[in-house]
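Let's look at a protein model together, one question at a time. Have the sequence and the 3D view open as you read.

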Amino acid sequence: MLSYWLPDRVHQVHFTPEALHTLTAFQQVSNDPEAGGQLFARFCNGNAMVMKATSPKAADRRSKFGFRQNKTAAQAEILEEYENGLHFIGDWHSHPEPTPHPSGLDRASSRSVFKKSKKDIGAFLVVILGTSPFPSGIFVGMEDGDKLVELTPVTRQQHDSYLIT
Ligand SMILES: [Zn+2]
């Protein structure tokens with residue numbers, strides 16, 4: 001489990017082992033093309049649990065330095081997962097760099113997706129995978145329509161005291 005503080009520093013977003021397993025499988029090693037998919041969550045007391053990261057679709061366009069999601073396939077997936085009780089919370093994609101940083105294009109597109117999407121929370125999660133092991137090889141950010149804020153990982157100590165209180 002990997003957890004991050006939401007910008008309010010009260011609530012958290014958790015990634016389940018199942019979601020992390022899919023994300024790890026698409027880290028770009030050697031000459032793999034960029035990959036991407038969507039993130040689906042359950043919400044509990046203001047916290048988000050990312051239950052599932054979906055895989056790239058056949059209709060997506062992938063290259064070493066680019067990933068373009070097929071919008072129709074993505075929209076169909078959102079409806080399908082909603083039937084399973086999972087809410088669309090954001091997107092993920094990979095970069096061919098050890099510690100990933102959002103590009104100018106990533107920032108512009110997360111803002112535009114945020115504005116167009118119907119959201120169950122007032123923000124949109126942006127996950128970028130690098131080639132290093134997690135957590136240094138993963139960027140987790142939250143787009144609020146104004147900026148993309150990098151989220152801070154929850155330390156083990158904070159995690160333990162969080163569960164007690
Ligand atoms: Zn990117």
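The questions below go from the sheet to the core, then to the helices and the loops.

Q: What kind of model is this?
A: Before we start, it helps to know where the coordinates come from. The model you see is predicted.

Q: In what order do the eight strands of the open sheet lie?
A: The sheet is open and has eight strands, with mixed pairing. Its neighbouring strands are turned by 30° against each other on average, direction ignored. Read across the sheet, the order is 1-2-4-3-7-8-9-10.

Q: Which strands stand at the edges of this sheet?
A: An edge strand here has a single partner strand, so one side of it is left without a neighbour in the sheet. That description fits strand 1 (2-5) and strand 10.

Q: Which residue in strand 10 stands opposite Met 142?
A: Strand 9 and strand 10 pair in the antiparallel sense, over three bridges. Follow that pairing to Met 142, and the residue across from Met 142 in strand 10 is Val 149.

Q: What angle does the direction of helix 1 make with that of strand 4?
A: Helix 1 packs on the sheet. The strands touched by helix 1 are strand 1, strand 2, strand 4, strand 7 and strand 8. With the direction of strand 4, the direction of helix 1 makes an angle of about 50°.

Q: Which residues of the largest nonpolar core touch the most other members?
A: This core has 27 residues. The elements giving it two or more residues are strand 2 (12-15), helix 1 (17-25), strand 3 (36-44), strand 4 (47-53), strand 7 (87-94), strand 8 and strand 9. The members that touch the most others are Leu 39, Ala 41, Val 50, Ile 89, Leu 125 and Val 127.

Q: Which strand gives the most to this core?
A: Several elements give two or more residues to the core, including strand 3, strand 7 and strand 9. The biggest contribution is six residues, and it comes from strand 8.

Q: Which residues is Val 50 in contact with, leaving aside its neighbours within four places in sequence?
A: Val 50 is one of the core residues that touch the most other members. With the neighbours within four places in sequence set aside, the contacts of Val 50 are Val 13, His 14, Phe 15, Thr 16, Ala 19, Leu 39, Ala 41 and Ile 89.

Q: Within what arc do the buried residues of helix 3 fall?
A: The buried residues of helix 3 are Asp 106, Ser 110 and Phe 114. Seen down the helix axis, they line one face, because they all fall within an arc of 65°.

Q: Why do residues three or four places apart in an α-helix point the same way?
A: The answer lies in how the helix winds. Residues at that spacing point the same way because an α-helix has, per turn, 3.6 residues.

Q: Which strands do the buried residues of helix 3 pack against?
A: Helix 3 has two faces to consider. The face turned away from its buried side carries the exposed residues Gly 104, Leu 105, Ala 108, Ser 112, Lys 115 and Lys 116. The buried residues, in turn, pack against strand 8 (124-129), strand 9 (138-143) and strand 10 (148-150).

Q: How far does helix 2 reach from its first C-alpha to its last?
A: Helix 2 has 13 residues, and the span expected at 1.5 Å a residue is 18 Å. The reach in the model is close to that, at 19 Å.

Q: Is Arg 9 buried or exposed?
A: Arg 9 lies in the loop between strand 1 and strand 2, and its phi is near 60°, a positive value in a residue other than glycine. A residue with 12 or fewer C-beta neighbours within 10 Å counts as exposed. Arg 9 has 8 such neighbours inside 10 Å, so Arg 9 is exposed.

Q: What is the omega of the peptide bond from Phe 134 to Pro 135?
A: Pro 135 is found in the loop between strand 8 and strand 9. The bond leading from Phe 134 to Pro 135 is cis, with omega near 5°.

Terms used: Residues numbered from 1 in each chain as written. Predicted model: local features only at pLDDT ≥ 70, side-chain atom pairs only at ≥ 80, totals over all residues. Buried ≥ 20, exposed ≤ 12 C-beta atoms within 10 Å, placed from the backbone. Helix = DSSP H or I, 4+ residues; strand = E, 2+ residues; numbered from the N terminus. Arc of directions from axis to C-beta. Contact = placed C-beta atoms within 7 Å. Core = buried A, V, L, I, M, F, W, Y, C linked by C-beta atoms within 7 Å. Pairing = 2+ DSSP bridges. Axes fitted to C-alpha atoms, helices over the stretch in contact; angles between N-to-C directions. Expected span 1.5 Å × (residues − 1).
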